[in-house]
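The following exercises are to be worked through with the sequence and the coordinates at hand. Each task is followed by a solution in steps.

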Amino acid sequence: MRRVLVTGASGFVGRALLPVLTGRGFEVHGVARATQSAVAGVTWHAADLLTEAGRVHALSASRPTHLVHLAWEVRPGRYREDPVNRLWAEASIDLLSRARARGTQRILGIGSCLEYGPQSGPCEEQVSQCRPTTLYGQAKLATAEAYIAAGAAWGRVFVPFGPHEPEARLIPSLIRSLRAGQHFDCSHGGQLRDFVYVDDLAQMIAAVLDSELSGVVNLASGETRSLRSVIEHVAGLLKARHLVRFGAVDATGVDAEPIIAADVRRLRDVIAGVPVIGFEEGAARALAWWIDRLPGRG
């Protein structure tokens, strides 16, 4: 029996990942800080992974052969410079050590494109120099180095979107404003980003976990889009492009970076044949999901 422990299993990405892993035949164990509602095929464990006791409990209760470590501080407006990033790095490295000591065979840590820092083109795992400009990116990078040194795999996620995404992020906040008939103020929108639908991302994570790949792999669509094109597409689905005001606010910090995009040739070695939803269909699904949950004019 392949038994996988997923940390951060109740979060945005974790929710999408659980059914993919059960579909691949894993016995799935999820860990979250509080007791969760039942999910078919998933055994839940309540634990605070920032504590030693929580890490010990999660591992001893699940006895995993595989580990996907997603848990981290990711709340919009807070996570990039929150001092808790340092605690998460320490806890994540300790979790790795304890999992290895217990005989966990396959470990995949989940990181971020912010580990790369400013780049002039698509980020390539074995070529691009990492120069993170946020505390979040620095803490993730330090954790990545420990995981790689231990022979584990490390996935760098680019810009996920879809159901259960935090409401303060770009696409949910855009939908909320336009559904309410309000103007949406944003930057010029010329920044290039790699958006990946969360269900596609879940398939990528599961495929990497199921492979023998080690080291860093970018988890992204490989398709670069301007923020303007993304905003216009979603606004067009709502027939509300007239409510978007480009250039009304200034982009600062990481948000002002001209390009955050991924080279995905390494990923393609392990996801051949995996179904892809893609941006357009993903945007339609995300919109339908949010319309069911956000107030608006219909």
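**Exercise 1. Locate Val-264 and describe its surroundings.**

Solution. The model is a predicted one.

Step 1. Val-264 belongs to the loop that lies between β14 (259-260) and α8 (265-268).

Step 2. Is Val-264 buried or exposed? Its relative accessible area is 5%, and the cut-off for a buried residue is under 20%. Val-264 is therefore buried.

Step 3. Beyond the neighbours within four places in sequence, Val-264 contacts Ala-220, Ser-221 and Gly-222.

Step 4. A distance between C-alpha atoms adds to this picture: Val-264 and Val-217 are 47 residues apart along the chain, and their C-alpha atoms are separated by 7.8 Å.

**Exercise 2. Characterise the setting of strand β6 (residues 153-157).**

Solution.

Step 1. Burial is considered at the outset. Of the 5 residues of β6, 5 are buried, so the strand is largely enclosed by the rest of the structure.

Step 2. The two faces are then separated. In a regular strand, side chains alternate between the two faces of the sheet. In β6, Ala-153, Gly-155 and Val-157 are on one side, while Trp-154 and Arg-156 are on the other, and all are buried.

Step 3. Which strands pair with β6? Strand β5 (residues 106-112) runs parallel to β6 and is joined to it by 5 bridges; Ile-110 has Gly-155 as its bridge partner. The chain passes from β5 through helix α4 (residues 135-149) to β6 in a right-handed β-α-β crossover. Strand β11 (residues 215-219) also pairs with β6 in the parallel sense, over 5 bridges, and here Trp-154 is partnered by Val-216.

**Exercise 3. Apply the analysis to strand β1 (residues 3-7).**

Solution.

Step 1. β1 is mostly covered, with 5 of its 5 residues buried. Arg-3, Leu-5 and Thr-7 are on one side and Val-4 and Val-6 on the other.

Step 2. β1 is joined to the parallel strand β2 (residues 27-32) by 5 bridges, and the partner of Arg-3 in β2 is Glu-27. Together with helix α1 (residues 12-23), β1 and β2 make a right-handed β-α-β unit.

Step 3. β1 is also joined to strand β4 (residues 66-69), again in parallel, by 4 bridges. In β4, His-66 is the bridge partner of Val-4.

**Exercise 4. Describe the nonpolar cores.**

Solution.

Step 1. The largest nonpolar core has 71 residues, and those with the most contacts inside it include Val-6, Leu-17, Leu-21 and Ile-205. Helix α6 (residues 198-209) gives the largest share, 9 residues.

Step 2. Leu-21 touches Val-4, Val-6, Phe-26, Val-28, Ala-206 and Leu-209, when residues up to four places away in sequence are not counted. Apart from the largest core lies another, of 26 residues, among them Leu-227 and Ile-231.

**Exercise 5. Examine the second largest pocket and the largest cavity.**

Solution.

Step 1. The second largest pocket holds about 260 Å³ of space. Its lining has 20 residues, and Asp-200, Met-204, Ala-220, Ser-221 and Val-276 lie nearest its centre.

Step 2. β10 (195-197), α6, α8 and α9 (278-291) each supply at least two residues of that lining.

Step 3. How much space lies in the largest cavity? About 90 Å³. The residues that line the largest cavity include Cys-113, Tyr-116, Cys-123, Glu-257 and Ile-260.

How values were computed. Residues are numbered from 1 along each chain as its sequence is written. This is a predicted model: local features need pLDDT of at least 70, side-chain atom pairs count only at pLDDT 80 or more; totals for chains, interfaces and linings use all residues. Side-chain values use heavy atoms; hydrogens and water are left out. A nonpolar core is a set of buried Ala, Val, Leu, Ile, Met, Phe, Trp, Tyr and Cys residues joined through side-chain atoms within 4.5 Å. Buried means under 20% relative accessible area, exposed over 50%, partly exposed in between (1.4 Å probe, protein chains only). Contact means heavy atoms within 4.5 Å. Two strands pair if DSSP finds at least two bridges between them. A crossover is right-handed if, with the strands pointing away from the viewer, the path from the first strand over the helix to the second runs clockwise. On a 1 Å grid over the protein atoms alone, a cavity is a set of points where a 1.4 Å probe fits but cannot get out, and a pocket is an open set with protein on both sides within 12 Å along at least five of seven lines; lining residues have an atom within 4 Å of a point. Grid points are joined across faces, edges and corners, and a volume is the space filled by probe spheres set on the points.
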